[in-house]
Structures are given as C-alpha cells and as structure tokens.
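Visitor: Could you take me on a close look at a single part of this model? I would like to hear about one helix and its surroundings.

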Amino acid sequence: MRKVATAQELPGAFQVKTEVRSPAARVDHASRLRPYLYLAPAMICFILFFFYPIGSIIYLSFQDWSLINLEEMDWVGLQNYRDLVVDGDFRQVLGNTAIFTFVTVGVGLTLSFLLALWLNRKAKVYGIIQATVFSPHIISLVSVSMLWMWLMDPQFGLLNAALEAVGLPAYTWLTDPKSSLLSLIIVSIWKGVGYNTLIFIAGLQSIPGDIYEAAALDQSPWWRTLTRITVPMLSPTIFFLLIINTISSFQAFDTIAIMTQGGPINSTNMLVYYIYQQGMDFYNGGLASAASVILLILVGILTALHFLVMSKRVHYR
C-alpha cells in the first residue's frame, strides 16, 4: 500500500505556511492617512496665501502691466529689474532702507537692553515704569504718527519749544531732507522700545539666579558678569529680537505714508512705500512687482545671514 505524505513530511518549498495575525498587529491604513488629513487644511491655506502669492508676484515682475487695465500684459523679461537698477530714486530708496534698518535695530535693541537691565527689579515702582514704557507699543501707528507730527511741528511743536526754552535753536524735523529720516528713526525706536524691553526682561528673569550667586562668590566684576553670563544666556532672546526687528524695519510704511509721504526730495522713501507708489500712484504694476521680489530677496538674505552668523553664538540651555 502506497503511503500518502502528510503536510509535515512535504519538502520546505511545497509547505504552505499560514500566519495568523492578531487584531492589534493589523495595519490600519486609515490611521496612516489621519495625520495628513489633519495637516491638509493648514497646508491648503499655506499654499493659497503664501506660495501662490509669491509665485504670482514673481510672474508679474516679468510683465509690463498696469492696474488700470489688467487685461493687457506684455512679457518683458528682466526689463523691470534693469529699470530699477538704473533708477537713481530706487537706489536712494535702498540706501534709506539700509540706514533706517541699521540705526533702528542697532540703537533700538541697545536702548531696550539697557532699560531691561534697569527695570529688572521686583519693586512696584519698576512695574509701573515697565507698563509706561510698553504703552507706546499698543498704540496704533496712525495715532503715533499724528502725535509725533504735532511734536515735530517747526512752528508750534513741543520739541522745538523745549529746545528754545533751554536756549537751543529750533530744529527742522520733517521739513529738511537732512533730518527727516532721523525723525522717522526716532519715532520707530520710540514705538518699538517698549516691546523689546519687555521681551528682554522676560529673558533676564529666566536666567537661573544661582549663576549670579556663584559669580558674586567669585567676586566677578559687573562688566564680566554682564559679558560672560548675562549676554550669553540672553543670546536666544537677542537673536529673536534681531530677526523680528530687522523684518519689521524693512516693512516700514505707516509712518512714512502719514508723516512724510517719502519726502522731502525722496529722503524718507523706503522699499514698501516705493512699491505702493509705483503700484497705486503711478499704476506701474511691473516695477512694483519687481521691487516686491527684490524686497523678498533682501529680507531672505538678511535672515539667512543672521542664522549663519549667530547660529554658533546662540546658547540654548
């Protein structure tokens, strides 16, 4: 009689292996898709309101078009960028923006840091001073601009009255090309110093007190404590404020539009207001789009430089 081979006696190549999976081990394909479904609304908004506008502006910068007639567009390539490069007013605008940004960020952050060192105390009077210093930040730029226009009025302004009271000559704040940009810098620093001071104080209060106690036991001078402890421990706050203030300075618009309209003699005109002028006053959409792309590139380059230069100097504890 012929013997029939059982399944256990078959060669390995012919054996059928059965694997029983537990319900917990089964792969749920829906769970894999769930994170992407949660992110989908945010990504759609990000594409619609970030990537699409940037792509549209870059495309429009290669066109010759006007806001009066949006149906007529002519492809001109890099001609809009060439026109900006040879335009003396645009080069002056770039210079004004660079000076405004450098002075506003440098002086503003330095003044805010010194105020934060002074106000970082627990007495109630310092809390009142902190609130007073921060108050300009919550006032709208329109109100701030109107206030400073009155203060800087050459005939009836309070600043000139104070100068004359101490025997100094009156100053032409907004009406002289030599002083108009400085006037806007003063307004911008006054507006932003309260916010920067408050952020600096928050950073100072996050530094552990035992580090200062150890420095006091070692009889470390105040300047060494400042440079070796306070500034390095505060480097993330400094880095954050440096980025935020640089971008904000490049976006200056409200004070220019209300106080000077870019004058006198283009001395206070800056990039964002120049873009507004080209698009809304002169209806030159091609130049406005090209200037917007240049603004985007400059801000991106400066931000990248900040990260490259300060990434090794920022200490996260």
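Guide: Gladly; what follows is a walk around helix α7 and its neighbours.

This is a predicted model, in which local features need pLDDT of at least 70 and side-chain atom pairs count only at pLDDT 80 or more, while totals for chains, interfaces and linings use all residues. Residues are numbered from 1 along each chain as its sequence is written, and side-chain values use heavy atoms, with hydrogens and water left out.

Let us begin with a partner helix. Helix α3 (residues 88-119) packs against helix α7 (residues 180-205) at an angle of about 40°, and their axes are 7 Å apart. That angle makes α3 oblique to α7. Helices here are DSSP runs of H or I with at least four residues, numbered from the N terminus. Axes are lines fitted to C-alpha atoms over the stretch in contact, and angles run from 0 to 180 degrees between N-to-C directions; under 35 degrees counts as roughly parallel, over 145 as roughly antiparallel, 65 to 115 as roughly perpendicular and the rest as oblique. The contact of α3 with α7 holds 19 nonpolar residues, seven polar and no charged, where Ala, Val, Leu, Ile, Met, Phe, Trp, Tyr, Cys and Pro count as nonpolar, Asp, Glu, Lys and Arg as charged, and the others, Gly among them, as polar.

Now to α10: the axes of α7 and α10 come within 10 Å and cross at roughly 160°. The two helices, α7 and α10, are therefore roughly antiparallel to each other.

Both helices also meet at the largest pocket. α3, α7, α10 (235-250) and α11 (254-260) each supply at least two residues of its lining, and α7 gives the most, with eight residues. In total 24 residues line the largest pocket, and Ser-188, Lys-191, Gly-192, Asn-245 and Ser-248 lie nearest its centre. By class, the lining divides into eleven nonpolar, eleven polar and two charged residues. A pocket is an open set of points on a 1 Å grid over the protein atoms alone, where a 1.4 Å probe fits, with protein on both sides within 12 Å along at least five of seven lines; lining residues have an atom within 4 Å of a point.

Finally, α7 takes part in an aromatic pair. Rings of Phe, Tyr and Trp (its six-membered ring) pair if their centres lie within 6.5 Å, with planes under 30 degrees apart stacked, over 60 edge-to-face and the rest tilted. By this rule the count comes to 15 aromatic pairs. The ring centres of Trp-148 and Trp-190 are 5.6 Å apart and their planes are at 75°, so this pair is edge-to-face. Trp-148 in helix α5 (residues 141-151) and Trp-190 in helix α7 are 42 residues apart, so the pair links distant parts of the chain.
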